Amino acid sequence: MDLLLATRNPNKTREFRELLGQAFGVIDLSSFPEIATPEEAGRTSEENAILKAIAASKQLPSLVIADDSGLEVDALGGAPGVFSARYAGENAGDVSNVDKLLRELRKQNIATEKRSARFRCVIALAQNGKLLGVFEGFVEGKIVDPPRGSAGFGYDPIFEPKGFDQTFAEITPESKNKISHRGQAIAALRKALREIEN
Ligand code: IMP
């Protein structure tokens, strides 16, 4: 089954391909430079995932999936949340976003045991401008300082999942995929896609 992933983030595309396996052909918006992506104006990940999936599905005939994900740090009132990709500014990169998050925690003197956090992922599935489903996954953990590891992307070097003493950037992609927010949301998505196929 062929799917269009409404993203230009190559790391997300890689994880979707790893997680969905060979039964699914995943292409992303890097193959369609002419397709505009909407402003992520939603207040929640669900709203943003739906916005992205519906917008792309109005412009291309394929089944479209869109992922909106982010990190919620309890001591920061759930920030960066939906602003995870642009926490340190509109075109901020991963390093600046991580730096800003650690600066905030240090500034507020948040103790190590109070640095609980979770990654959340919401995936919307759409076709021809119509929403077909929404799938969610999350993983609990804590923020570590300084960052550790070089695998993964985004906030992986500062996120240690519950039950592990390594960060997402220190474990293999296979181990991350087994427990990650995206892994869980994709498991639910895969089930729905099988039903559509039959
Ligand atoms: P968006 O879903 O494109 O709005 O961006 C989500 C942002 O959250 C990414 O740019 C990353 O900074 C962060 N993020 C989402 N998932 C992960 C992950 O699996 N590891 C690390 N950072 C992530």
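Here a visitor and a guide talk through a predicted model.

Visitor: Hello! In what order do the six strands of the open sheet stand?
Guide: Welcome! The pairing in this open sheet is mixed. Reading across its six strands, the order is 2-1-3-4-5-6.

Visitor: Why is one side of strand 2 and of strand 6 left without a neighbour in the sheet?
Guide: Look at the edges, where strand 2 (25–28) and strand 6 (159–161) stand. One side of each is left without a neighbour because each has a single partner strand.

Visitor: By how many degrees are neighbouring strands of this sheet turned against each other on average?
Guide: For this value, the direction of the strands is ignored. On average, the turn between neighbouring strands is then 35°.

Visitor: Which residue of strand 2 is the bridge partner of Leu-3?
Guide: Strand 1 covers residues 2–5 and runs parallel to strand 2. Four bridges join the two strands. In strand 2, the partner of Leu-3 is Val-26.

Visitor: What angle does helix 2 make with strand 3?
Guide: Let's take the helices in turn. Helix 1 (residues 10–20) packs on the sheet and touches strand 1, strand 2, strand 3 and strand 4, with its direction at about 110° to that of strand 3. Helix 2 (residues 45–59) lies across strand 1, strand 3, strand 4 and strand 5. Its angle to strand 3 is about 155°.

Visitor: Which residue has a side-chain N or O atom 2.6 Å from a nitrogen atom of the ligand?
Guide: The ligand is surrounded by 17 residues, and the closest are Lys-12, Ser-69, Asp-156, Lys-176 and Arg-182. Lys-176 places a polar side-chain atom 2.8 Å from an oxygen atom of the ligand. Tyr-155 has a backbone N or O atom 3.1 Å from a ligand nitrogen. The side chain with an N or O atom 2.6 Å from a ligand nitrogen belongs to Asp-156.

Visitor: How much of the ligand's area does the protein bury?
Guide: Start with the ligand taken alone, which exposes 490 Å². Of that area, the protein buries 94%.

Visitor: Does Arg-106 count as buried, partly exposed or exposed, and what is the class called?
Guide: Arg-106 sits in helix 3 (residues 94–107), and beyond four places away in sequence it touches Arg-115 and Asp-145. Its relative accessibility is 46%. Buried means under 20% and exposed means over 50%, so at 46% Arg-106 counts as partly exposed.

Visitor: How many Å apart in space are Arg-106 and Asp-28?
Guide: In sequence, these two are 78 residues apart. From C-alpha to C-alpha, the separation in space is 38 Å.

Terms used:
Residues are numbered from 1 along each chain as its sequence is written. This is a predicted model: local features need pLDDT of at least 70, side-chain atom pairs count only at pLDDT 80 or more; totals for chains, interfaces and linings use all residues. Side-chain values use heavy atoms; hydrogens and water are left out. Two strands pair if DSSP finds at least two bridges between them. Axes are lines fitted to C-alpha atoms, for helices over the stretch in contact, and angles run from 0 to 180 degrees between N-to-C directions. Contact means heavy atoms within 4.5 Å. A residue is near a molecule or strand if one of its heavy atoms lies within 4 Å of it. A polar contact is a pair of N or O atoms within 3.5 Å; within protein, one must be able to donate a hydrogen and the other to accept it, and residues adjacent in sequence count only if both atoms are side-chain atoms. Accessible areas come from the Shrake-Rupley method with a 1.4 Å probe; for residues, only the protein chains shown count as cover. Buried means under 20% relative accessible area, exposed over 50%, partly exposed in between (1.4 Å probe, protein chains only).
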